[in-house]
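Here are some friendly notes for a first look at this structure. Please keep the sequence and the 3D view open while you read.

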Amino acid sequence: MIEIQNVSKNFGKLEVLKHIDLTCEAGQCIALIGPNGCGKTTLIKCILGMVIPTEGNIRFKGKDISNDYAYRHDIGYMPQVGRYPDNMTIGQVFDMIRDIRSVKETLDEELVEKFALRDMREKKMRTLSGGTVQKVSASLSFLFTPEVLILDEPTAGLDPLASEILKEKIIREKGKGKLVLITSHLLSELDDLVTHIIMMQEGEIRFFMPVTELKNATHTDSLAKAITHILKRDDV
Amino acid sequence: MFNKIQKFIFSDILNNRIILAYTLLLAVLSWSVFNIEDDGNKGVLTLLNIILLTTPLVSIIFTAIYLYNSAEFIELLLSQPVNRGKIWTGLFLGLLSSLVFAFLLGAGIPIIIYVRGSIGLILLGTGLMITAIFVSLGFLCTILTRDKARGIGISILLWLFFSLLFDGLVLFLLFQFAEYPIEHAMVGVTALNPIDLARIFIILQLDVSAMLGYTGAIFKDFFGTGLGAAIGFLLLCLWVMIPFLISRRMFIRKDL
């Protein structure tokens with residue numbers, strides 16, 4: 001569904017992405033992990049067309065995404081830090097994005113309902129807590145039933161109850177054959193969610209493999225243990 | 001499609017306290033100017049100077065601050081299926097329409113009530129053009145640097161340059177070349193500063209333009225005619241278009 005071919009990105013002299021090759025298919029739920037500054041967010045932004053690669057190309061459903069924007073109809077994106085115009089109300093933010101997308105099909109308002117955002121429609125964005133803003137971002141990314149979900153640190157800042165709701169939602173969407181791409185530092189959170197793991201380091205992909213394979217190879221039963229196992233092996 | 005973004009930005013900014021304060025300030029100043037001055041012309045001149053000082057400052061700084069504060073929101077818009085040019089244009093029209101609205105509400109009403117004839121409309125028009133020019137320059141400042149403090153610094157410098165430094169430079173040139181016939185060149189130099197351009201535009205409509213001396217006569221010769229006025233207006237339009245189009249071009253290629 002998403003093909004990344006030989007993508008590199010330099011910011012000045014800094015090489016953030018080095019010749020990335022990657023193919024993601026529908027039905028996969030992929031965790032993108034790696035230390036801070038390894039290029040995870042840049043890779044995501046390349047897919048979203050916010051960062052333009054220095055080299056290489058990205059295809060979405062077989063079509064090159066450079067100079068195209070219509071492909072983003074099929075993507076729901078939840079940013080790491082959401083900030084919205086101060087004086088807009090929650091309702092206005094939803095209306096605006098719906099207006100911009102000019103969608104007519106039915107909306108998936110499950111998260112809006114479960115996060116009880118409907119009762120807060122009139123509240124202004126600047127009065128909301130960080131967690132509530134994250135709830136708005138999450139609801140927005142699922143609202144338009146996109147085929148691809150890109151979630152940047154989705155559970156950061158959410159309370160346990162809300163992050164559980166979000167995780168269940170992700171699992172359900174994965175079951176519908178959608179492609180989900182998650183970055184996170186909380187390995188334990190990802191355990192029952194993801195089917196594949198991408199490990200990035202210094203702008204390169206260390207490995208990309210199914211979780212089951214990873215667990216077998218390292219003889220461990222949890223994701224966290226498997227990753228620490230690999231990192232330790234490196235040190236030796 | 002950009003009208004949608006504009007619409008929401010507009011309603012967001014109308015609730016902004018800075019804009020409310022700006023509207024109030026303009027209103028208080030213009031009402032008091034017209035109530036204190038009996039002479040209509042003097043009132044127009046006083047108000048002109050107030051407008052030419054405050055409007056550019058508020059327009060450029062507010063634009064820069066608003067855009068920097070909207071960085072994450074612009075990212076969210078970019079993740080939607082909208083083309084980049086439209087987002088930037090929508091932001092521009094949203095900011096512009098709200099500042100124009102504030103200007104019309106604050107200064108526009110007293111001008112229409114107190115100033116008779118075409119001069120009122122011209123004063124109103126130049127105020128609006130100056131607003132548009134400095135919103136446009138604010139967009140350019142914001143796109144030049146990612147750093148908020150630096151971007152706002154650049155916008156303050158630009159305002160300072162056009163409001164004060166430019167005139168100083170012109171005076172310096174005038175004294176240096178006092179021996180030469182530079183009156184015609186001065187007309188060209190004015191085109192480089194939108195604030196001066198607007199000021200001359202208004203002054204030429206008033207009787208006081210006689211006080212400008214020989215250069216004033218040349219100005220009158222040029223800007224006083226229909227063609228000159230049209231060229232002056234065109235120059236102001238260019239001052240709106242060019243900075244914005246440059247910033248738009250840069251925005252389309254920018255990594256966010």
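The points below take the chains in turn, then the places where they meet.

1. A word before you start: this is a predicted model. Please read every value below in that light.

2. Let us begin with chain A. Its secondary structure comprises 8 helices and 10 strands, so you will be looking at a mix of both kinds of element in a chain of 236 residues. Along the principal axes, the C-alpha atoms of chain A fill a box of roughly 55 × 40 × 35 Å.

3. How does the radius of gyration of chain A agree with that of a compact globule? A compact globule with 236 residues would have a value near 18 Å, and chain A has 18 Å, which agrees. Of the residues in chain A, 42% are buried. Contacts that reach along the sequence are worth a look too: among those in chain A between residues at least 6 apart, 70% join residues at least 24 apart.

4. Now turn to chain B, where you will find 11 helices and 0 strands. Read from the N terminus, the elements of chain B are therefore simply α-α-α-α-α-α-α-α-α-α-α. The radius of gyration of chain B is 19 Å, close to the 18 Å from the globule rule for 256 residues, so chain B is as compact as a globular protein of that length.

5. The C-alpha atoms of chain B fill a box of roughly 60 × 40 × 30 Å, again taken along the principal axes. Buried residues account for 38% of the 256 residues in chain B. Of the contacts in chain B with a separation of 6 or more, 78% are between residues 24 or more positions apart.

6. Where do the two chains meet? In all, 20 residues of chain B are in contact with 24 residues of chain A. On the chain B side, helix H1 (2–14) and helix H4 (71–78) each supply at least two of the residues that touch chain A. The largest share, 5 residues, comes from H4(B). By type, this side of chain B divides into 9 nonpolar, 6 polar and 5 charged residues.

7. Finally, look inside. The largest nonpolar core has 134 residues, and those touching the most other members are A:Ala31, A:Val93, A:Ile150, A:Val194, B:Leu95 and B:Ile133. B:Leu95 makes a good place to zoom in: leaving aside neighbours within four places in sequence, B:Leu95 is in contact with B:Ile9, B:Ile13, B:Thr63, B:Tyr66 and B:Val135.

Note on methods. Residues numbered from 1 in each chain as written. Chains lettered and ligands numbered in written order. Predicted model: local features only at pLDDT ≥ 70, side-chain atom pairs only at ≥ 80, totals over all residues. Contact = placed C-beta atoms within 7 Å. Helix = DSSP H or I, 4+ residues; strand = E, 2+ residues; numbered from the N terminus. Nonpolar A, V, L, I, M, F, W, Y, C, P; charged D, E, K, R; others polar. Rg over C-alpha atoms; globule rule 2.2 N^0.38 Å. Buried ≥ 20, exposed ≤ 12 C-beta atoms within 10 Å, placed from the backbone. Core = buried A, V, L, I, M, F, W, Y, C linked by C-beta atoms within 7 Å.
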